[in-house]
Amino acid sequence: MKNQEIAQILFEIGEFLELGEIPFKPQAYQQAAVAIDNLEEDISKIYKERGIKGLKEIPAVGESIALKIEEYLKTGKIKYIEELKKITPVDVDELTKIEGLGGKRIKRLYKELGIKTIKDLERAIEEHKIASLFGFGEKMEANITEAIKFLKKSKGRFLLRNVLDDVYRIENIFKKIKGVEKVSVAGSARRRKETIGDIDFLIAIRDTSDKYLVEKIMNTFVGMDEVIKIVNKGETKSSIKTRQGLDMDLRLVSLSSFGSALQYFTGSKEHNIALRRIAIRKGLKLNEYGLFKNNRKIKGETEEEIYERLGMDWIYPELREGEEEIELAQKHQLPKLIELNNIKGDFHCHSNWNGGENSIKEMTEKAISLGYEFLGITDHTQSLKIENGLNEKRLIEQRKEINSINEELKKQGINFKVLQGSEVDILKNGTLDIDNKTLKTLDYVSISVHSNFKMDRESMTNRIIKAMENSYVKILNHPTGMILGKRDSYEVDIEKIIKKAKEKNIALEINSYRFDLNYQLARKAKEMGVKLVIGSDAHNTKELEDMRFGVFQARRAGLEKKNIINC
Ligand code: DGT
Ligand code: CA
Ligand code: CA
Ligand code: ZN
């Protein structure tokens, strides 16, 4: 789907317009961007079926924006943004990647300090000029400093969340070519790693000397809409760069080597090295072309036969990080990993009672369409003032709405239950911001740290432990505070937290948006006998589908159905 790409570009236009003195317009572009990002339908399909008129039916999209979308769908670019870039001296693309910097602030930094690039910004920070800017202050200067560091650290890697649908789409393009026998993504994307350096595709055909077919496949690859640069085009390997800046490799092999090539290019490198060593010990040689004995190929067509010949079970790609997976596979003790369809419901989502965009009813309908049996609504509580968090009184009102939806479902004979949870804020001193009398009326209580991140390790640990003492608490959300690609975790003794979770029978959350609790920590929790919960943290109906990314993370941690409470 082109939705995300288009939303991104409209958003950028909005940011550029912010820099000029054009009131009203920037918001129009940004509102349209949000609406398109949230669309369930494929925007190209809308255009194909209903033309400009269909586009204008999208909220916030008027004539002029609709025309730009049309231009993009037809030509793959929007001239307007190139023009804007030319007349704007500021590197908006780069600066907006800094968490906390939007169009308005970038504009002020430019107007008041002449900042055009991250380099300029770093210099200004060194000279301590940001803090003294009206409305910025010490705190924001510190935050920007952190954000720049963060950006540099994660440079060049993409979130799996932002590329996986493209991967599926491209796989389908290849599958449609006549003569293509097998198609798979390999590399870190197949291992479902949360960030991806580049994407590796693998295709098998019967006869690699079929020049016509080889040419057709490679042309299809380098001719895809999103390609802006052909890095290399050959007969067995081609590489391209997409408009987003993502690199993709395609390798073409014969069917008889597909298994060994898939194994090799799936990696990880560490896993491959360990596997090759085992082959050598058995007097064999393993490479991307096959498994060899005395230079004679004995296996290669499937991964399964290669692992089997090496004396172990086939290993899920998600586990191939060169840790304990090979030993477990040799002992036939690999876990049976959790799957998306094991998930019976979601314990973490938001409605329009506070930060969310959709009503409880809409969220419920979406959850039913996902095949769930329950949905827990966990709106934020009162301390989160910007999000209009719920206090005791509003929680009681919300209960009425949830009850009436449940009655309606029952009347219609639908086996589904909406639960009233709450994402209760853990205050600085470790108390919860909702009284026990009200907590008792909820179906379950989940708790989160949302403020005062900069505490020392001991205070933060004690703060969370104290909150976990409350006997209504069933779930600790995003226990480390990390948001992948945006924010590091706060200082905390996570082992102590895991122990406490075990003692109080509290589930720790794998958050599908934040990737908080990386796979190592989730695995540790499992080993310590703690239950986990996968939460989408959806703020609209579409984001409920992000559950799948939490499931990937759980699989990387080696978790089974029985380790996860929403199964
Ligand atoms: P990425 O792209 O940084 O997210 O990570 P990967 O794992 O996709 O790495 P990539 O794209 O460089 O290579 C794909 C796979 O190919 C990798 O997982 C294992 C294999 N591979 C690449 N280079 C080497 C190597 O030097 N030795 C071995 N044993 N395997 C390699
Ligand atoms: Ca890769
Ligand atoms: Ca690669
Ligand atoms: Zn939340």
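Start by selecting helix 1 and helix 7 (residues 103–113), which pack at an angle of about 35 degrees with their axes 8 Å apart. The model is predicted. Helix 1 passes helix 7 in a right-handed crossing. To see the contact, show side chains for Glu15, Glu18 and Leu19 on helix 1, then Gly103, Lys104, Ile106, Lys107 and Lys111 on helix 7. Colour these residues by class: five are charged, two nonpolar and one polar.

Keep helix 1 (residues 3–19) on screen and add helix 5 (residues 79–87). The angle of this pair is about 30 degrees, and the axes are 10 Å apart. Here the crossing of helix 1 with helix 5 is left-handed. Which residues of helix 1 meet helix 5? They are Ile9, Glu12, Ile13, Phe16 and Leu17. On the side of helix 5, select Tyr80, Ile81, Leu84 and Lys85. By class, this contact has seven nonpolar and two charged residues, with no polar ones.

Next, hide those helices and select helix 3 (residues 43–56) together with helix 4 (residues 63–75). Their packing angle is about 150 degrees, with 10 Å between the axes. An angle over 145 degrees counts as roughly antiparallel, so helix 3 and helix 4 fall under that description. The crossing of the two is left-handed. From helix 3, the contact takes Ile43, Ser44, Tyr47, Ile52, Leu55 and Lys56. From helix 4, it takes Glu63, Ala66, Leu67, Ile69, Glu70, Leu73 and Lys74. Sorted by class, the contact of helix 3 with helix 4 has eight nonpolar, four charged and one polar residues.

Before leaving this pair, select Ala60, in the loop between helix 3 and helix 4. What is unusual to check in a Ramachandran plot here is the backbone: phi of Ala60 is near 70 degrees, a positive value in a residue other than glycine.

Stay with helix 3 and turn to the second largest pocket, which holds about 340 Å³ of space. Its lining has 14 residues, and those closest to the centre are Lys2, Asp42, Ser44, Leu73 and Asp225. Two of these can be left on from the previous stop: Ser44 of helix 3 and Leu73 of helix 4 belong to the helix contact as well. Which element gives the largest share of this lining? Helix 3 does, with four residues. Add helix 10 (160–175) to the view; helix 3 and helix 10 each supply at least two lining residues. By class, the lining of this pocket divides into eight charged, five nonpolar and one polar.

Now move to helix 13 (258–266), helix 14 (269–281) and strand 8 (285–287) for the last two stops. Between helix 13 and helix 14, select the loop that holds Ser268. A cis peptide bond joins Gly267 and Ser268, with omega about -5 degrees.

The final selection is the cavity. How many cavities of 30 Å³ or more does the structure hold? It holds one. The largest cavity has a volume of about 30 Å³. To outline this cavity, select Gln263, Tyr264, Asn272, Arg276, Leu286 and Asn287, which line it. Helix 13, helix 14 and strand 8 are the elements that give two or more residues to this lining. By class, the lining of the largest cavity has three polar, two nonpolar and one charged residues.

Definitions and conventions
Residues are numbered from 1 along each chain as its sequence is written. Chains are lettered from A and ligands numbered from 1 in the order in which they are written. This is a predicted model: local features need pLDDT of at least 70, side-chain atom pairs count only at pLDDT 80 or more; totals for chains, interfaces and linings use all residues. Side-chain values use heavy atoms; hydrogens and water are left out. On a 1 Å grid over the protein atoms alone, a cavity is a set of points where a 1.4 Å probe fits but cannot get out, and a pocket is an open set with protein on both sides within 12 Å along at least five of seven lines; lining residues have an atom within 4 Å of a point. Grid points are joined across faces, edges and corners, and a volume is the space filled by probe spheres set on the points. Ala, Val, Leu, Ile, Met, Phe, Trp, Tyr, Cys and Pro count as nonpolar, Asp, Glu, Lys and Arg as charged, and the others, Gly among them, as polar. Axes are lines fitted to C-alpha atoms, for helices over the stretch in contact, and angles run from 0 to 180 degrees between N-to-C directions. Angles under 35 degrees count as roughly parallel, over 145 as roughly antiparallel, 65 to 115 as roughly perpendicular and the rest as oblique. A crossing is left-handed if the near helix is turned anticlockwise from the far one by less than a right angle, and right-handed if clockwise. Contact means heavy atoms within 4.5 Å.
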